[in-house]
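The following exercises concern one protein model. Each task is followed by a solution in steps.

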Amino acid sequence: MSERRNIALRLCYDGSRYHGWQVQKTEISVAETLERALTKICEEPIKVVGCGRTDAGVHARRYCANFRSDCRVPLDRLPLAANARLPLDIAVQAAVEAPEDFNAIGSCLKKEYVYRIYNSTIRDPFLEKRVCFYPQRLDLERMRRAAAAFEGTHDFRAVRSVGTETKTTVRTVHWCRVERQGALIEIAICADGFLYNMCRAMVGTMVYASYGKLEPEEIPALLEKGDRRLTGPTMPPQGLYLNRIWYDGAVGKMMTDE
């Protein structure tokens, strides 16, 4: 019997057509679509472990998944083989052999999400499913002050939706930055982990702060209270991208290579 390898993949996808990453009973997901392609290539049932649960409509510029198989397809050819069997809105970009104990979610050091807002009174049809169209004027300076208030280690239960159970709601946000180029505002949030809908809720809080529904300096106290009702809306999914993800070793190099 040949030895089963632990194979890590770097992929990207447009999540518009999918009901998120996670395999669903009735809806099509990114994981299920990838598993079908890999099952054909490896000629055995394949189950993938993803680096996180992206929701319906959320995208990934960089995503990591791993699976175990005794498939002998050379790893430099695996992306081409997979892409020949995948729809055009999912692409495997690279593959490496991972250590035996590697797990795409458990071995992750930190992740960066980017939320994109198209802040214009005139919408762009080409960006319809790839940005949040927001016609009201947003105050960048107030948003930046709100973003800075989220940095550091806090209990983030005030900016999560009730969903997946977790041992703790404490997370460390390494940076939360707001940049604008023309009509496009990009908010980059990097943390050691994220709660369910945490990014989209944080951006909702920044938007509330932008037009005076709350003061940026109130955010630490709102996090202390832990009341989701006080921190603004959860922004829609199509503006959110998993942008970067960090690991040690060969998988880390694959995920950060250009």
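**Exercise 1. Determine whether Glu-43 is buried or exposed, and describe its backbone.**

Step 1. Glu-43 counts as exposed because its relative accessibility is 72%; buried means under 20% relative accessible area, exposed over 50%, and partly exposed in between (1.4 Å probe, protein chains only).

Step 2. The model is predicted, so that local features need pLDDT of at least 70 and side-chain atom pairs count only at pLDDT 80 or more, while totals for chains, interfaces and linings use all residues. Residues are numbered from 1 along each chain as its sequence is written, and side-chain values use heavy atoms, with hydrogens and water left out.

Step 3. Glu-43 is placed in the loop between α1 (30–42) and β2 (49–50); helices (H or I, at least four residues) and strands (E, at least two) are DSSP runs numbered from the N terminus.

Step 4. The phi angle of Glu-43 is near 60°, a positive value in a residue other than glycine. Most residues other than glycine have a negative phi.

**Exercise 2. Establish where Asn-197 lies and whether it is buried or exposed.**

Step 1. Asn-197 belongs to the loop between β9 (184–191) and α4 (198–210).

Step 2. Its phi is near 65°, again a positive value in a residue other than glycine.

Step 3. With 14% relative accessibility, Asn-197 counts as buried.

**Exercise 3. Identify the residues that Thr-169 and His-154 touch.**

Step 1. Thr-169 sits in the loop between β7 (152–155) and β8 (170–181), and its relative accessible area of 12% makes it buried.

Step 2. Not counting residues up to four places away in sequence, Thr-169 touches His-154, Asp-155, Phe-156, Arg-157, Arg-160 and Leu-195; contact means heavy atoms within 4.5 Å.

Step 3. His-154 is part of strand β7. Neighbours within four places in sequence aside, His-154 is in contact with Ala-149, Thr-169, Val-170, Arg-171 and Leu-223.

Step 4. Two C-alpha distances complete the picture. His-154 and Pro-220, 66 residues apart along the chain, have C-alpha atoms separated by 8.4 Å. Thr-169 and Ala-31 are 138 residues apart in sequence and 26 Å apart in space, C-alpha to C-alpha.

**Exercise 4. Describe the two faces of helix α6 and state what covers its buried residues.**

Step 1. In α6 (residues 249–256), the buried residues are Val-251, Gly-252, Met-254 and Met-255.

Step 2. Viewed down the axis of α6, these residues fall within an arc of 160°, so they line one face of the helix; the arc is that of the directions from the helix axis to the C-beta atoms.

Step 3. Exposed Gly-249 and Lys-253 are carried on the face turned away from the buried side.

Step 4. The cover over the buried residues of α6 includes β1 (5–13), β3 (59–69), β4 (90–97) and β10 (240–246).

**Exercise 5. Characterise the protein as a whole: how many helices and strands are there, and how compact is it?**

Step 1. The protein contains six helices and ten strands.

Step 2. Its radius of gyration is 19 Å, close to the 18 Å that the globule rule gives for 258 residues, so the protein is as compact as a globular protein of that length. The radius is taken over C-alpha atoms, and the rule is 2.2 Å times the number of residues to the power 0.38.

Step 3. Of the 258 residues, 53% count as buried.

Step 4. Among contacts between residues at least 6 apart in sequence, 72% join residues at least 24 apart.
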